[in-house]
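Biologist: I would like a close look at a single part of this model, followed outward into the empty spaces and the buried side chains elsewhere in the chain. Please take it slowly and keep to what the coordinates support.

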Amino acid sequence: MAPQRRAGSRTPESGGAGAGARAEERRRLSSGVKGSVQKDSRRKWLKVAFLLSSAMLGYLLSGSYLLGEDGVTEVLAHQGESLQYKFIEVPCSEDYDSHKRFEGCTPRKCGRGITDAIISREEAERIRRIAEKGLSLGGSDGGASILDLHSGALSLGKHFVNMYRYFSDKVHDTFTEEDFHLYRDVRQRIQQKIALTFGISSSSMYLTKPTFFSRINNSEAKTTHDEYWHPHIDKVTYGSFDYTSLLYLSDYTEDFGGGRFVFMDEGANRTVEPRAGRVSFFTSGSENLHHVEKVHWGTRYAITISFTCNPDHGIGDPVLT
């Protein structure tokens, strides 16, 4: 007769199989837990990566940075903000070494500055009216028109004329002594700000040519003079320039679209959005390679006021004769 087993007793065979089954179950559970942890980790990592990339994209597309056609563009000054003063120092180029140096004036500190604090918007409007009155006498057939109160140069069709000779009978009816006085006063304030920023004496700087009003719209260019958008270096283009300034007389996005001023630095473009009364100024060497974006709509007004350290290249303020 076969021996009886006590309740709950196990044969070696049944005990080994049970143990193997339980071990297998534990391995399966352990594998499932590990897989679940790994999946959770991957999900968390992907979520973090998504949030970081979203934050970076938001940063690039917002306030200070934009994605432009030429890569990342940093906005140095937005149209909607009023800047007391902002200055960005950059290393000086060697451009000045190929010209006679004038101690106490030739740039040894280089950079670019922006301020909305020295010319009021009301003054900018009055200066813009000077430009509008003068350009009403002529104007380019293309998108860019020039008015130079110093030399009298005025765009007319596809050419330039001397406004003081060509329209001699109309000049006194167009401008007033008050117009020219305001023009001189604004020039002096800008000159003093540049001198203070770069640590030189304003008396060592001389107004130089070309200094002119510009009116730009989206009309098709008719001559090379209308192609204002090409990158250039003022010191290379004009030679006499040591310090360049621009006074904007209209507002980006309100009066016109496009037309921002772009510093073309290695790895990034840095832009200034025009705002009526805003003054942008910079040393004129290749450390400040720049261009102006094409104007897409509306009309952009500005005045370029340039300075030299060489008295031989200096010019006087315009006089209504």
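How many residues does helix α5 have, and what does it reach from its first C-alpha to its last?

Modeller: This is a predicted model, and everything that follows should be read with that in mind. Helix α5, residues 177–198, has 22 residues and reaches 32 Å from its first C-alpha to its last, which is close to the 32 Å expected at 1.5 Å a residue. After the helix comes Gly-199, whose phi is positive, near 70°.

The helix also takes part in enclosing a space. The structure holds two cavities of 30 Å³ or more, and the second largest of them, with a volume of about 30 Å³, is lined by Ile-127, Tyr-183, Val-186, Leu-247, Ile-303 and Ile-305. The elements that give two or more residues to this lining are α5 and β17, the latter covering residues 300–308. By class, the lining of the second largest cavity has six nonpolar residues, with no polar and no charged ones.

The largest cavity, with a volume of about 60 Å³, has a lining of another composition: two nonpolar, six polar and two charged residues. Its lining is made up of Ser-140, Ala-144, Ser-155, Gly-157, Lys-158, His-159, Phe-160, Thr-223, His-225 and Asp-226. Here the elements that give two or more residues are β7 (153–157) and β8 (159–162).

Besides these cavities there is the largest pocket, in which about 750 Å³ of space lies. The lining of this pocket counts 28 residues, and those nearest its centre are Ile-146, Phe-212, Tyr-228, His-232 and Tyr-238. Strand β17, which helps to line the second largest cavity, is also among the elements that give two or more residues to the pocket, together with β6 (144–147), β9 (206–216), α6 (234–238), β10 (243–248) and β15 (290–292). The largest share, four residues, comes from β9. Sorted by class, the pocket lining divides into 14 nonpolar, ten polar and four charged residues.

Strand β9 is also the place of Thr-208, a residue that counts as buried because its relative accessible area is 1%, under the 20% cut-off. The side chain of Thr-208 reaches the backbone oxygen of His-313 at 2.8 Å. Leaving aside residues up to four places away in sequence, Thr-208 touches Ser-240, Phe-241, Ser-306, Phe-307, Thr-308, His-313 and Ile-315.

A second buried residue, Glu-273, can be described in a similar way, although its place is in the loop between β13 (268–272) and β14 (279–283). Glu-273 has 8% relative accessibility and therefore counts as buried, the cut-off being under 20%. The side chain of Glu-273 reaches the backbone nitrogen of Gln-79 at 2.8 Å. With residues up to four places away in sequence again left out, Glu-273 touches Val-75, Ala-77, His-78, Gln-79, Tyr-252, Arg-260 and Arg-278. The C-alpha atoms of Glu-273 and Thr-253 are separated by 9.0 Å, with the two residues standing 20 residues apart along the chain.

Methods:
Residues are numbered from 1 along each chain as its sequence is written. This is a predicted model: local features need pLDDT of at least 70, side-chain atom pairs count only at pLDDT 80 or more; totals for chains, interfaces and linings use all residues. Side-chain values use heavy atoms; hydrogens and water are left out. The expected span of a helix is 1.5 Å times one less than its number of residues. On a 1 Å grid over the protein atoms alone, a cavity is a set of points where a 1.4 Å probe fits but cannot get out, and a pocket is an open set with protein on both sides within 12 Å along at least five of seven lines; lining residues have an atom within 4 Å of a point. Grid points are joined across faces, edges and corners, and a volume is the space filled by probe spheres set on the points. Ala, Val, Leu, Ile, Met, Phe, Trp, Tyr, Cys and Pro count as nonpolar, Asp, Glu, Lys and Arg as charged, and the others, Gly among them, as polar. Buried means under 20% relative accessible area, exposed over 50%, partly exposed in between (1.4 Å probe, protein chains only). Contact means heavy atoms within 4.5 Å. A polar contact is a pair of N or O atoms within 3.5 Å; within protein, one must be able to donate a hydrogen and the other to accept it, and residues adjacent in sequence count only if both atoms are side-chain atoms.
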